[in-house]
Amino acid sequence: MQVVCWLLCFGTVGALVVLQKDQVAQHAIKLYRGKGATHGHSWVASNCKRLVGLLRQKNVVVKKLAAAADAVGRDLALSEPERHFQVHTLEVFQKELNESEHLVFQAVHSLQRALQGDYRDVVNMKESSRQRLEALREAAIKEEQEYVELVAAEKHQQEAVKSALAQNKTLSMLDEILEDVRKAADRLEEEIEEHAFDNNKQMKGVNVEAVLRVEDDEESGGKRKNKSRPKEVEDDLGLSMLIDSQNNQYVLTKPRDSTMPRADHHFIKDLVSVVMLSLPCGWICSLVGLPPMFGYIICGVLLGPSGLNSIKSMVQVETLGELGVFFTLFVVGLEFSPERLRKVWKISVQGSCYLSLLMVGAGLLWGQVLHIRPTQTVFISTCLSLSSTPLVSRFLAGGSRGEKEGDLDYSSVLLGMLVMQDVQLGLFIAVMPTLIQAQRGDLGSFLLGSLRVLYLLAQVLVSLAAVLLLCLLLKSFLIGPYYKKLHAESKGNKEILVLGMAAFVFFMLTATDFLDVSMELGCFLAGALLSTQGHMVTTEVIGCIEPIRDFLAIIFFASIGLHVFPTFVLYELTILLVLTLTLVIMKFVMAVFVLSAILPPGSRHIRWIVSAGLAQVSEFSFVLSSRARRASIISREVYLLVLSVTTLSLLLAPVLWRVTTHKWVPRTERKSIT
């Protein structure tokens, strides 16, 4: 008991006695070594007596507060708002006293745990630090809740004062109306307030972290401001930015008061910067004979982290760019009729699967030579086997689709294989948890994961069958009447037609996503279904959707540039060029080999063009590699290499495509690179 008493006094000495840190340390050392016993015992006894007195005084005050709250609750002379305010204030004071007592004993336990720990063990020190951090976070949450309750108590006090004044004077008709409006506004705030903090703080997987809150003044154009005086949270109309200890930045997505409109000025400025800089960059590339998409990527490089670093809402810009992918694939589907899809589906499935297997096999072979773990090689080779559908769609835009009788059109085969790769992408994302388990070396989990892969494969086949059934039903019963109704309602007003087409695209991507198939496939199928209504329908829809597609595609290619780091490329230029050229040549040769085996003899001349379209890496490797890095499947160095090789392959793709089409496509059938 004496040792516990000493620990109790040591834990509370900082809060009860104003002593220097050196004095506290000297007392602790003397007591520990048994020196200075008389002075040490008097010091301990004095502070223990003071602590006991404070605890007794606290208990007396708490009892008096409880009695006072009970008396106020029975006082009929007080109005309801004033009674509620006084009771609330007393309860908050009670909680403050109880929490202060809890912090005292929590400090005692922390000191006891620290004295029992071994400070030669870094793991033990880390665990102690983590426990102290958790305690501080919990204390911060409780203090924040008490502050919010005090703000509410102040509001109740103001209402009580208003109620007392209202009883002493006669209200005019306008005052009565305003009083009714105030009560209705209070009810509205109570109804729409979600209490998201209280509802989610106890959920599994929710962590409490310390963040910095940076206030932006909307009236000053979003400039950051320094506050020289305390300001209530409720009165602050600026847009806040939160920065955590890992330097992640967050912006407000839903305010507590939903009745007040707000705008994300960072996002607006980022879009303005991207659009304004994309114009000169794309124009210059067009003048020198390069595709404008080069200029859009350069725009992203200049504005991104490796350039001016002026883009603050990177996630929002990339999300908007994803809409460009959706509408690009929708337009591709409009130009890709189901008849052409039925003609090449077998070649598309076989070609994409064989190409992926060859890439995985080559990756495992290189992994054995370079002593790389199989999980890493499987991930990297599968990631690099995917090709960019939006990029190739831009290559194929704007040209004729001529084909000889009995021959296959290279654009049909190329787009079919890319669509099947999008299906494989969805399956690969589902299989990633199995790779994570294998990376951790859990053999039993890996065997179960293998069975899970087979189950997922069967699930994907069932999902594809469900998607095809849905498309058949839509084609037979809905597409025709739906478009005729839109066309009739949109005479003289094209916005109804645009809205109807966008809603159909979003319906299809939602349906395919619900069936665990990629959303990109849903957008492509939406266009393919509309193309069954004839050439006139396709022309009208493309005329409405193409401007939206072009604008969003600019944002998409600029978002790719945000992940290009020229300094890293310059530092490792030699190895990156070797890796990129090796990858492009390897994918080109593998695609030629596969297509030579599966194409009919009369159509094998298109294998060179299709292989050129596949000889690059999809932009989705950015997403996949970032997930793999977070899951520790690949290291930071491998992540940067994959990122740089993907970017360089996308930059080389237009050159390879132009050279190949110039060699193998007749002049009258060449597709213009837009």
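Which residues does Val610 touch, not counting residues up to four places away in sequence?

## The nonpolar core

Val610 touches Tyr410, Val413, Leu414, Met417 and Leu595, with residues up to four places away in sequence not counted. This is a predicted model. Val610 belongs to its largest nonpolar core, a set of 113 residues. Phe557 is in that core too. Of the 113 residues, these two touch the most other members. Helix α18 gives the most to this core: 12 residues.

Another core lies apart from it. That one has five residues, including Val62, Leu65, Ala69 and Leu90.

## Where α9 meets α18

Phe557 also appears in a helix contact, on the α18 side. Helix α9 covers residues 292-303, and helix α18 covers residues 535-561. They pack at an angle of about 50 degrees. Their axes are 6 Å apart. The angle makes α9 oblique to α18. The crossing of the two is right-handed.

Which residues meet here? From α9 come Met293, Tyr296, Ile297, Gly300 and Val301. From α18 come Ile554, Phe557, Ala558 and Gly561. Seven residues of this contact are nonpolar and two are polar. None is charged.

## Where α20 meets α23

A second helix pair can be described in the same way. Helix α20 spans residues 573-598, and helix α23 spans residues 636-664. The angle between them is about 60 degrees, and their axes are 9 Å apart. That makes α20 oblique to α23. Their crossing is right-handed.

On the α20 side, the contact is made by Leu576, Leu579, Thr580, Leu581, Leu583 and Val584. On the α23 side, Leu641, Ser644, Val645, Leu648, Ser649, Leu652 and Leu656 take part. The contact divides into 10 nonpolar residues, three polar and no charged.

## Gln616 in a loop

Where does Gln616 lie? Its place is the loop between α21 (607-614) and α22 (620-630). Is Gln616 buried or exposed? Its relative accessible area is 1%. Buried means under 20%, so Gln616 counts as buried.

Gln616 has many contacts to list, leaving aside its neighbours within four places in sequence. Leu386, Ser387, Ser388, Leu391 and Val392 are among them. So are Lys587, Ser649, Leu650 and Ala653. One of these, Ser649, is also on the α23 side of the contact with α20.

Technical notes:
Residues are numbered from 1 along each chain as its sequence is written. This is a predicted model: local features need pLDDT of at least 70, side-chain atom pairs count only at pLDDT 80 or more; totals for chains, interfaces and linings use all residues. Side-chain values use heavy atoms; hydrogens and water are left out. Axes are lines fitted to C-alpha atoms, for helices over the stretch in contact, and angles run from 0 to 180 degrees between N-to-C directions. Helices (H or I, at least four residues) and strands (E, at least two) are DSSP runs, numbered from the N terminus. Angles under 35 degrees count as roughly parallel, over 145 as roughly antiparallel, 65 to 115 as roughly perpendicular and the rest as oblique. A crossing is left-handed if the near helix is turned anticlockwise from the far one by less than a right angle, and right-handed if clockwise. Contact means heavy atoms within 4.5 Å. Ala, Val, Leu, Ile, Met, Phe, Trp, Tyr, Cys and Pro count as nonpolar, Asp, Glu, Lys and Arg as charged, and the others, Gly among them, as polar. A nonpolar core is a set of buried Ala, Val, Leu, Ile, Met, Phe, Trp, Tyr and Cys residues joined through side-chain atoms within 4.5 Å. Buried means under 20% relative accessible area, exposed over 50%, partly exposed in between (1.4 Å probe, protein chains only).
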